[in-house]
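Subject: Structure for you to look at

Hi,

Here is the structure I said I would pass on. Have a look at it first, and then read my notes underneath.

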Amino acid sequence: MPIVYLSREEHFSAAHRLHSPHLSDAENLNVYGKCNHKHGHGHNYKGAFKRAAEDLIVAPILWMQEYLTLLILSSHLLTPFAVEVIVKGELDPKTGMVLNITELKDCMKRAIMEPMDHKNIDIDVPYFSDKPSTAENIAVFMWQEMAKILPKGEMHEIVLRETDANVVIYRGE
């Protein structure tokens, strides 16, 4: 039976701070630099600021000044990530699929999107309570969560694009 690789990509936004509980504040600053800012950090992406601009038009009318300040700050902290999940498996001769793409989409929603999209990874995802939310650790987390619920096929690869230039590939090793 042929072995086929099935891939699906999703995009999500999340805030995070690169900070290890195993390092002192000075060591964290030295290792992570500006990404260790106490309020987290973000990256510039196409599309991310369009949404922020729309929010800023409405915010002064609806909310008090303190909320506007928070909104401006948080719009720069949300980081649009792209994650690609690649599943490997035998081609089913009856269905012609390794896995129904709808099942893969649902697994990604449960394992990745629901726990991480529009969340502060360091605060809202318990996995990161004792480890830094580096792209590498995020990819490992995604792999582990996907592997728990994948109905058939096997995990082959997680590709996490934190920026256009920063990409992490994890293969469960």
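Below is what I found, going from the overall layout to a few particular spots.

Before anything else, please keep in mind that this is a predicted model.

**Layout**

The protein has six helices and five strands, and along the sequence they come in the order β-α-α-α-β-α-β-α-α-β-β. If you take the contacts between residues at least 6 apart in sequence, 70% of them link residues at least 24 apart. Of the 173 residues, 39% are buried. The exposed area comes to about 10200 Å², with carbon and sulfur atoms supplying 55% of that.

**The core**

The largest nonpolar core has 33 residues, and the members that touch the most others are F12, V85, M142 and M146. Two or more residues each come from β1 (3-15), β2 (79-90), α4 (101-116), α6 (135-149), β4 (154-161) and β5 (167-170). The largest share belongs to α6, which gives eight residues.

V85 is a good place to start clicking around. Setting aside neighbours within four places in sequence, V85 has contacts with L6, S7 and R8, then with L104, M108 and I112, and also with M146, M155, E157 and I158.

**E84**

E84 caught my eye. This glutamate sits in strand β2. Is E84 buried or exposed? Its relative accessibility is 16%, and the cut-off for buried is under 20%, so E84 counts as buried.

What does the E84 side chain make polar contacts with? One partner is the side chain of S7, at 2.4 Å, and another is the side chain of R161, at 3.4 Å. Again leaving out neighbours within four places in sequence, the residues in contact with E84 are S7, R8, E9, E157, I158, V159 and R161.

**The β4-β5 hairpin**

R161 also leads on to the last part. Its bridge partner in β5 is V167. β4 and β5 run antiparallel and are joined by four bridges, and together they make a hairpin with five residues between the two strands.

In a regular strand, side chains alternate between the two faces of the sheet. You can follow that along β5: V168 and Y170 point to one face and are buried, whereas V167 and I169 point to the other face and are not buried. So for V167, you have a residue that bridges to R161 and has a side chain on the face that is not buried.

Happy to go through any of this together.

Cheers

Technical notes: Residues are numbered from 1 along each chain as its sequence is written. This is a predicted model: local features need pLDDT of at least 70, side-chain atom pairs count only at pLDDT 80 or more; totals for chains, interfaces and linings use all residues. Side-chain values use heavy atoms; hydrogens and water are left out. A nonpolar core is a set of buried Ala, Val, Leu, Ile, Met, Phe, Trp, Tyr and Cys residues joined through side-chain atoms within 4.5 Å. Buried means under 20% relative accessible area, exposed over 50%, partly exposed in between (1.4 Å probe, protein chains only). Contact means heavy atoms within 4.5 Å. Accessible areas come from the Shrake-Rupley method with a 1.4 Å probe; for residues, only the protein chains shown count as cover. A polar contact is a pair of N or O atoms within 3.5 Å; within protein, one must be able to donate a hydrogen and the other to accept it, and residues adjacent in sequence count only if both atoms are side-chain atoms. Two strands pair if DSSP finds at least two bridges between them.
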